[in-house]
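Trainee: I should like to learn how to read the strands, helices and backbone features of a chain. May we take them one at a time?

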Amino acid sequence: MRVATDIGGTFTDLVYVDDNGTFGVAKAHTTPSQFEKGVIDVIEKSGITPKSIDMFIHGSTVVINALTERKGVKVGLITTKGTRDVLEIARGNRPDLYNFRYQKPKPFVERYLRLEVDERLNYKGEVLSPLNEDQIPDILSLFKKEKVDAIAVCYLHSYINPVHEIRTVELIKQLWPEIAVTASHEITKEWREYERTNTTVLNSYVKPIAGTYIDKLNKKLENHGVNGSTYIMQSNGGATTFEGAKHSPINMVESGPVAGIYGAAILGQILGEKNIIAFDIGGTTAKCSLITNSEVKVSTDYYIEKTEKSAGYPIKVPVVDIVEIGNGGGSIAWIDPTGSLKVGPQSSGAIPGPVAYGQGGEEPTTTDANLVTGRLSKKNFDYEVDLAKVEQAIENKVSSHYDLTMEEGAMGIIDIANSNMLNALKLISIRKGYDPKDFTMIAFGGGGSMHASALAQELGVKRVIIPVASSVFSAWGMLMTDLRHDYIQTHIKQLNDIDLTAINKEWEIMIDQAYHQFIEEGMDKGQIVFNRFADMRYIGQEHTVKVPVPNTEWTEEIIEEIIARFHQLHEQNYTFKLPDAQTEIVNLHLTGFGKVEKPVLQKLQQTGKPVHEALKENRPVFFKNEGWTETPVYDRGQMEPGMKIAGPAIIEERSATTVIYANQSLEMDQYGNLVIDTEVE
């Protein structure tokens with residue numbers, strides 16, 4: 001049996017598939033003080049036998065939480081003489097250009113803990129000044145005195161030649177074996193000193209936290225009787241072993257969300273949909289990503305806390321390209337000093353949660369608004385819901401401020417939340433030159449199905465798919481993942497004068513490294529496959545385009561093919577190409593997959609029973625233009641393939657609700673997915 005668990009801001013989800021291909025799901029409340037407890041809770045709630053688990057895959061928010069909440073450890077940085085202030089200097093492109101009070105984000109390492117060593121390489125990786133090993137003991141003595149918990153080592157040009165970093169780490173382990181240490185070449189071999197240094201520091205910042213968490217989780221699983229292989233989801237859309245995750249925890253920064261994006265791509269392939277807008281609404285955030293031609297986009301230009309007014313912090317590791325905003329079921333509605341209604345990014349979280357939970361929450365949330373407008377039923381909550389208290393919270397906090405009815409205030413909360421999410425959807429589609437009409441939306445998460453129909457219609461998307469077990473779909477996506485590692489090496493060469501022997505040698509080195517790592521993780525050589533990419537640009541440009549390149553030895557003919565692909569992709573991304581301009585490679589990118597056997601989706605039986613047998617009730621639902629409307633409510637568990645429903649209607653399942661509007665229609669497909677026709681022309 002394969003089991004996947006995903007920790008979210010409000011719920012911890014579980015999906016399992018047995019040897020017969022039968023899927024099962026469970027949800028339990030997230031336990032923020034002890035995340036591993038929530039994992040055990042949801043395993044127990046699922047009813048599965050722990051000893052039957054052959055493969056356990058886990059997605060966690062522990063790394064992103066430690067970063068955003070500043071709950072990592074005290075870090076010391078060792079760097080090349082003259083570069084201690086690279087974290088302070090950062091980049092000159094201020095996002096808030098005309099704000100004269102603008103302040104750069106504060107580095108995660110204070111200046112007195114950023115210490116320099118005499119050593120120097122040139123841009124070719126040649127040693128100009130040898131490493132002064134005598135300085136290392138003095139630095140470690142200061143770090144011990146300052147009670148540093150982890151060390152980051154980042155030397156100039158070590159992405160080309162890490163010889164000095166390797167020796168420094170050896171010395172640290174001899175003199176201080178118990179300290180957590182990260183060398184930059186272990187995390188990224190891509191250039192850009194600021195980004196590389198920051199990534200190394202952040203890995204050290206969370207390394208002890210992640211290590212402790214993974215060890216606790218592993219022990220809990222073992223004590224619970226789970227003896228199968230254990231893996232953790234990475235930000236690149238693949239999995240790695242628990243040990244691999246402890247070594248490079250920064251690769252877990254978007255551990256949970258990317259699984260849903262990858263799952264959407266897999267489901268799209270099964271259903272014959274190559275162009276997908278993956279849309280995930282959880283308790284705290286909404287996330288979306290664009291999938292074109294079945295390809296999940298992965299980038300190393302990832303930032304945390306980046307906004308239109310803040311430069312944020314770069315993390316130079318492969319991450320699935322996601323736009324994320326602070327809008328989810330638990331997002332709090334509030335009124336700003338100018339009198340404008342806002343929703344999020346503050347969230348009620350799992351504790352105390354929305355007012356409807358009855359656990360002490362007093363601020364109205366998106367969930368509360370959906371409840372009082374009839375989209376949600378209080379019968380489906382785990383808690384005893386005091387509906388009058390929820391209505392009073394919306395009335396007091398929102399409606400009375402604008403002299404509206406309680407229902408109009410709740411509808412205003414939903415409209416603002418939808419507007420926020422629509423802006424995120426436009427960022428990944430329209431603003432990148434894509435027509436939403438060419439895409440199908442796959443909506444999941446606890447709130448995805450409730451908001452997707454309205455958003456898709458507004459955006460211009462013709463079809464929405466609500467997958468089976470949509471509220472735990474990210475965990476489902478984990479069941480479909482392979483082991484994955486990305487190997488990126490900066491290798492700046494002009495293509496018109498490239499040394500084919502040298503470039504093929506670079507590929508061989510990366511492939512050998514990949515084979516070694518996968519075999520250490522228990523993969524056979526026959527299970528390992530590769531994709532190759534080259535980050536390319538016109539000479540004189542700053543940034544690059546990622547170009548898929550043939551998975552074979554490079555020849556003169558292959559070079560011509562690669563250049564042609566680059567021109568085409570450059571025009572697609574930037575609306576122009578320069579056929580006569582010289583091109584160059586900046587990075588070589590090898591993606592390795594350790595293929596594992598995937599569970600097969602089972603087609604559902606179709607008995608031909610009429611759709612009215614799935615009808616649960618009729619209840620009033622408040623719609624913006626129609627007011628209270630008597631609306632049929634269907635039980636998704638009683639539906640079968642071929643059933644069609646005309647809107648307005650609601651389809652309920654234990655942990656999610658699908659809303660379809662007037663003039664829209666819905667049909668269940670052969671796998672049990674709900675396919676909505678939004679009636680967009």
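**Strand pairs, sheets and helix contacts**

Mentor: Strand S24 (residues 463-466) and strand S35 (residues 674-677) are antiparallel and joined by four bridges. Two strands count as paired if DSSP finds at least two bridges between them. Helices (H or I, at least four residues) and strands (E, at least two) are DSSP runs, numbered from the N terminus. This is a predicted model, in which local features need pLDDT of at least 70 and side-chain atom pairs count only at pLDDT 80 or more, while totals for chains, interfaces and linings use all residues. Residues are numbered from 1 along each chain as its sequence is written, and side-chain values use heavy atoms, with hydrogens and water left out.

Trainee: Which residue stands opposite Ile-465 in S35?

Mentor: Val-675 does. S35 is also joined by four bridges to strand S34 (residues 665-668), and these two run antiparallel. There, Met-668 has Leu-674 as its bridge partner. S34 and S35 form a hairpin with five residues between them, and Gly-672 in the turn has a positive phi of about 100°.

Trainee: How is an open sheet described, and in what order do the strands of the mixed one lie?

Mentor: One states the strand order, the pairing and the edges. Here four strands form an open sheet in the order S29-S30-S32-S33, with mixed pairing. Strand S29 (615-623) and strand S33 (656-660) are the edge strands, each pairing on one side only. On average, neighbouring strands of this sheet are turned by 30° against each other, direction ignored. For such angles, axes are lines fitted to C-alpha atoms, for helices over the stretch in contact, and angles run from 0 to 180 degrees between N-to-C directions. S29 is joined to strand S30 (residues 627-635) by eight bridges, and the two run antiparallel. Phe-623 stands opposite Gly-627 in S30.

Trainee: What does UniProt list for residues 501-671?

Mentor: An unreviewed UniProt entry lists them as "domain: Acetophenone carboxylase-like C-terminal". UniProt positions are given in the numbering used here, feature names are shortened, and annotations may be inferred rather than shown by experiment. Over residues 501-671 the chain is 23% helix and 37% strand, with the end C-alpha atoms 50 Å apart.

Trainee: Which strands make up the open sheet with parallel pairing?

Mentor: Its four strands have the order S6-S5-S9-S10. The edges are strand S6 (114-117) and strand S10 (180-183), each of which pairs on one side only. Neighbouring strands of this sheet are turned by 20° against each other on average, direction ignored. Strand S5 (residues 75-80) and S6 run parallel and share four bridges; Thr-79 has Glu-116 in S6 as its bridge partner. Helix H7 (residues 193-224) packs on the sheet, touching S5, strand S9 (150-154) and S10, and its direction makes about 160° with that of S9. Contact means heavy atoms within 4.5 Å.

Trainee: At what angle do helix H11 and H12 pack?

Mentor: Helix angles are sorted into classes: under 35 degrees is roughly parallel, over 145 roughly antiparallel, 65 to 115 roughly perpendicular and the rest oblique. Helix H11 (residues 387-402) and H12 pack at about 75°, with their axes 9 Å apart. H11 and H12 are therefore roughly perpendicular to each other.

Trainee: How close do the axes of H12 and H13 come?

Mentor: The axes of helix H12 (residues 406-428) and helix H13 (residues 448-459) come within 10 Å and cross at roughly 55°. That makes H12 oblique to H13. The contact includes Ile-414 and Leu-425 of H12 and His-451 and Leu-459 of H13.

Trainee: Finally, which peptide bonds and phi angles merit attention?

Mentor: Most residues other than glycine have a negative phi, and most peptide bonds are trans. A cis peptide bond joins Gly-344 and Pro-345, with omega about 0°, and Pro-345 is found in strand S22 (residues 341-347). Another cis bond joins Gly-647 and Pro-648, also with omega about 0°; Pro-648 lies in the loop between strand S31 (644-646) and strand S32 (649-653). Lys-147, although not a glycine, has a positive phi of about 60°. Lys-147 is placed in the loop between helix H4 (135-145) and S9.
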